[in-house]
Structures are given as structure tokens and as C-alpha cells.
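Let us walk through this protein step by step, beginning with its overall layout and moving on to individual side chains.

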Amino acid sequence: MPRTLLSSRLLLIAVLVAALPAARAQDSVVVQAENVRYDYAQVLRVTPVYQTLTATRMEEECDQSPRPPSESDSRLSRMVGAVKDALTRNGGREEDEPVECRSVAVEREFHRPIAYDVDYLYKGAKYRSRLRDDPGNRLRIRVSITPVVPVANDR
């Protein structure tokens, strides 16, 4: 075989082998890379969204009725009594004085932030999203562009 014929056959075989994956690719699905980029938006306002929790607990409430001062008590004896009440462990009451105690339900409310409504500005348009955390002054956003493909019936 002449050399040019051999080299042209080798070239033809090389082209056919290179075309095989392209022919096989027509049968498979081609996934286009998504048109995505990241940018920053300016945060205009952040409003916390609160959850209100109510907790009730039982506390013991005792009546400690101190002896009312009589008119015969002098100013000095009242002052000594007040110091004595402050220094004694049982609040200045005598051991034989009755104390009435009862359980009382005390209700408390707690507010905790569970999310944040964020108003932000991106390229002149205002948006609002509910986020888990407060983003601060700037919000990192994901920008995705996808063309609108008309449906066959819409044409």
C-alpha cells in the first residue's frame, strides 16, 4: 500500500474513533451547568420574630405578720427591734408565732427570637425573606438566571 493511502486510512479511523463518544452522547441526557453566582444585598431592616413561652411554677408564700408597733414603743426600741430582726435567722419572729404558708402559682412569660424578617435591596429592587439568623448590614445572596421556555401550547 502506498504511504498516503495508509495515512489517509489511519486518519479516517482516528476520526471515526473520535466521533464514537459524540454519537453515544446524543443518546444520553446533557445536563447544563446552572447559571449561578453569589453577590451581596444591602440590608434595610431586620425585625425579630418572637415566640412567647409561658411558664408556671409553684412558689411557697408565707404570711409573716410582724407585731404592729404600739404607741408605747419608743423610737429607740423600734430601732433596736429592726436591727434584731435583720440579724436573726428567722426574720425576728418568735418560735411560737404561727406562720401560714401556701403554694401559689406564679406565671411568667418569656420572649425569645425564633427568626428574623429581613428587608433588603438588590439592584434597586426590594425583597423580604425570613431568616434564622440576623444577617447584619449585608446579606449574601444567590443569584440564578434561567430562561423562560414557552410551552408548546403557548405558541
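Read from the start of the sequence to its end, the elements of this protein follow the pattern α-β-α-β-β-β, which amounts to two helices and four strands. The model is a predicted one, and what follows should be read with that in mind. Of the 155 residues in the protein, 8% are buried.

We may begin at the surface, with the second helix. Helix 2 covers residues 75-87 and contains Val-80, and Val-80 belongs to a nonpolar patch on the surface that it forms together with Leu-76, Met-79, Val-83 and Leu-87. Taken together, the five residues of this patch have about 540 Å² of accessible area.

From there we can turn to the charged side chains. Side chains of opposite charge can pair when their charged atoms come close. How many salt bridges does a search of the whole structure find? The search finds eight salt bridges, and a few of them are worth following one at a time.

One of them joins Asp-39 and Arg-37, whose closest N and O atoms are 3.6 Å apart. Asp-39 has a relative accessible area of 23% and is therefore partly exposed, and Arg-37, with a relative accessible area of 40%, is likewise described as partly exposed.

Another salt bridge is formed by Arg-130 and Asp-117, and here the closest N and O atoms lie 2.8 Å apart. This pair links distant parts of the chain, since Arg-130 is in strand 3 (residues 125-131) and Asp-117 is in strand 2 (residues 100-122), with their positions 13 residues apart in the numbering. Are the two partners buried or exposed? Arg-130 counts as exposed because its relative accessibility is 55%, whereas Asp-117 is buried, its relative accessible area being 18%.

A further salt bridge, between Arg-128 and Asp-119, has its closest N and O atoms 2.5 Å apart. Arg-128 has a relative accessible area of 55% and is therefore exposed, while Asp-119, at 11%, is buried. This bridge does not stand alone, for salt bridges that share partners join Arg-45, Asp-119 and Arg-128 into one network. Asp-119 is found in strand 2, and its side chain makes polar contacts with both arginines of the network: one of 2.7 Å with the side chain of Arg-45, and one of 2.5 Å with the side chain of Arg-128.

The aromatic side chains come next. A pair of aromatic rings is described by the distance of the centres and the angle of the planes. A search of the whole structure finds one aromatic pair. The pair consists of Tyr-120 and Tyr-127, which are stacked, with 5.8 Å from centre to centre and 25 degrees between the planes. Tyr-120 counts as buried because its relative accessibility is 11%, whereas Tyr-127 has a relative accessible area of 40% and is therefore partly exposed.

Tyrosine rings also take part in arrangements with charged groups. The ring of Tyr-40 has the charged end of Arg-138 sitting over it, at 3.8 Å from the ring centre. In a similar way, the charged end of Arg-140 sits over the ring of Tyr-38, where the distance to the ring centre is 4.6 Å.

Finally, two residues in the loops deserve a look. Which residue in the loop between strand 2 and strand 3 has a positive phi although it is not a glycine? Lys-123 lies in that loop, and its phi is positive, at about 50 degrees. Lys-123 counts as exposed because its relative accessibility is 67%.

Arg-132 is found in the loop that runs between strand 3 and strand 4, the latter covering residues 138-144. With a relative accessible area of 68%, Arg-132 is therefore exposed. Although Arg-132 and Val-49 are 83 residues apart in sequence, their C-alpha atoms are 9.8 Å apart in space.

Terms used
Residues are numbered from 1 along each chain as its sequence is written. This is a predicted model: local features need pLDDT of at least 70, side-chain atom pairs count only at pLDDT 80 or more; totals for chains, interfaces and linings use all residues. Side-chain values use heavy atoms; hydrogens and water are left out. Patches are made of residues with over 30% relative accessible area and no salt bridge: like charges are joined within 9 Å, nonpolar side chains (Val, Leu, Ile, Met, Phe, Trp, Tyr) within 5 Å. Accessible areas come from the Shrake-Rupley method with a 1.4 Å probe; for residues, only the protein chains shown count as cover. A salt bridge is a side-chain nitrogen of Lys or Arg within 4 Å of a carboxyl oxygen of Asp or Glu. Rings of Phe, Tyr and Trp (its six-membered ring) pair if their centres lie within 6.5 Å; planes under 30 degrees apart count as stacked, over 60 as edge-to-face and the rest as tilted. Buried means under 20% relative accessible area, exposed over 50%, partly exposed in between (1.4 Å probe, protein chains only). A charge sits over a ring if NZ of Lys or CZ of Arg is within 6 Å of the ring centre and within 35 degrees of the ring normal. A polar contact is a pair of N or O atoms within 3.5 Å; within protein, one must be able to donate a hydrogen and the other to accept it, and residues adjacent in sequence count only if both atoms are side-chain atoms.
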